[in-house]
Structure formats: structure tokens, C-alpha cells
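This briefing is meant for someone meeting the structure for the first time. Please look over the sequence and the model, then read the points below, which are grouped by topic.

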Amino acid sequence: MEKQTRKEKKAEEARILAEMKAALEEAERAENGANERKNERENETQTPLEATPAKQEHVYHCRRCKTEMVNGVCPACGFKIYVPMDAKKLGKIKLVLTAVGMAIFIGIFLYLQIKNG
């Protein structure tokens, strides 16, 4: 093996770094070009209705027989799964619980004011 001088080592390192930088820039340009082409294709194929997707209910399938579930129960084999509540029902429950909590708080507050006062 030949010994390289410091200048030769630095020159070799600089050349390698320049090659790496050029390769990185080329890869970024290629990735940006691919992303732009993908976005253009998506924009061309979208209709105005697809631009704002409607809220779709998730369809669940049975783990055992792969049949579509109805309200968390498989009509074919009877397997049951947990189905989360929809946002509307959850909001209604929160509203009712808030109202009940406030009524209890006001009732206790008034009771304590009458008792003390």
C-alpha cells in the first residue's frame, strides 16, 4: 500500500464529498419531480366531489368468516366486536352529562347557602 500525503487525502475527501453532495441533490430533484407528477395526476383525476371527501362510515369485516359486520355483529357466525360511537352520539352524551353535572352542582350550592344562611 502506498502512503498518501495529507494533500492527497484532503483532495480525495473533497472529491468524495462533492460526489455525495451532487448525488444527494440529484436524488432530491428526482423525488421532487416524482411528487410533482403524482400531484398533477391526482389533480387531473379528481372531480369536484372528490376534492372534499364526504364523511364515510367505516365498514367492518368479521375476523372469522370475513363477512361484513352489521352494528358490530356478524350475521353469518354471530361474532361480536366493539364499534366506537359516532361523534354525534358522543356529543349528545357529553351535553347531557354536562347538564346533569351542572344541575347537581347548583343543587348542592343552593342547599349549602340555605343551610348556612
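**Briefing on the predicted model**

Asn-71 is exposed, with a relative accessible area of 75%. The model in which Asn-71 appears is a predicted one, and the place of Asn-71 in this model is the loop between H2 and H3. The chain as a whole has 3 helices and 0 strands, and the pattern read along its sequence is α-α-α.

**Confidence of the prediction**

- Across the chain the pLDDT averages 83, and 85% of the residues score at least 70.
- Helix H2, which covers residues 48-51, has the lowest confidence in the chain with a mean of 51, whereas the highest confidence belongs to H3, with a mean of 95.

**Overall build and surface**

- Of the 117 residues in the chain, 5% are buried.
- Among the contacts in the chain with a separation of 6 or more, 6% are accounted for by residues that lie 24 or more positions apart.
- The chain has an accessible surface of about 11,500 Å², and carbon and sulfur atoms account for 59% of that surface.

**The loop between H2 and H3**

- Besides being exposed, Asn-71 has a positive phi of about 55°, although Asn-71 is not a glycine.
- Most residues other than glycine have a negative phi.
- Lys-66 is also found in the loop between H2 and H3, and Lys-66, which is not a glycine either, has a positive phi of about 65°.
- With a relative accessibility of 59%, Lys-66 counts as exposed.
- Measuring from C-alpha to C-alpha would place Asn-71 and Tyr-60 at 9.0 Å apart in space, while the two residues are 11 residues apart in sequence.

**Cysteines**

- A search of the whole structure for disulfides finds 0 of them.
- Cys-62 is accordingly in no disulfide, and the nearest cysteine sulfur to Cys-62, which belongs to Cys-77, is 3.5 Å away, a distance to be set against the cut-off of 2.5 Å for a disulfide.
- Cys-74 is likewise in no disulfide, and the nearest cysteine sulfur in the case of Cys-74 is that of Cys-65, at 3.4 Å.
- Cys-62 counts as buried because its relative accessible area is 1%, and Cys-74 counts as buried because its relative accessible area is 2%, where buried means under 20%.

**Salt bridges in helix H1**

- The structure holds 2 salt bridges, and a network of salt bridges links Glu-12, Arg-15 and Glu-19.
- In one of these salt bridges the side chains of Arg-15 and Glu-12 meet, with a distance of 2.4 Å from N to O.
- Arg-15 and Glu-12 are separated by about one helical turn, because they are 3 residues apart in helix H1, which covers residues 6-45.
- Arg-15 also forms a salt bridge with Glu-19, in which the closest N and O atoms are 2.5 Å apart.
- Glu-19 and Arg-15 are 4 residues apart in helix H1, so about one helical turn separates them.
- Arg-15 counts as partly exposed at 38% relative accessibility, Glu-12 counts as partly exposed at 30%, and Glu-19 is partly exposed with a relative accessible area of 45%.

**A nonpolar patch and helix H3**

- Val-96, Val-100, Ile-104, Ile-108, Tyr-111 and Leu-112 make a nonpolar surface patch of about 570 Å².
- One of the patch residues, Ile-108, is found in helix H3, which covers residues 87-116.
- Ile-108 is partly exposed, with a relative accessible area of 48%, and residues taken into such a patch have over 30% relative accessible area.

Note on methods:
Residues are numbered from 1 along each chain as its sequence is written. This is a predicted model: local features need pLDDT of at least 70, side-chain atom pairs count only at pLDDT 80 or more; totals for chains, interfaces and linings use all residues. Side-chain values use heavy atoms; hydrogens and water are left out. Patches are made of residues with over 30% relative accessible area and no salt bridge: like charges are joined within 9 Å, nonpolar side chains (Val, Leu, Ile, Met, Phe, Trp, Tyr) within 5 Å. Accessible areas come from the Shrake-Rupley method with a 1.4 Å probe; for residues, only the protein chains shown count as cover. A salt bridge is a side-chain nitrogen of Lys or Arg within 4 Å of a carboxyl oxygen of Asp or Glu. Helices (H or I, at least four residues) and strands (E, at least two) are DSSP runs, numbered from the N terminus. Buried means under 20% relative accessible area, exposed over 50%, partly exposed in between (1.4 Å probe, protein chains only). Contact means heavy atoms within 4.5 Å. pLDDT is the predictor's confidence in each residue, from 0 to 100.
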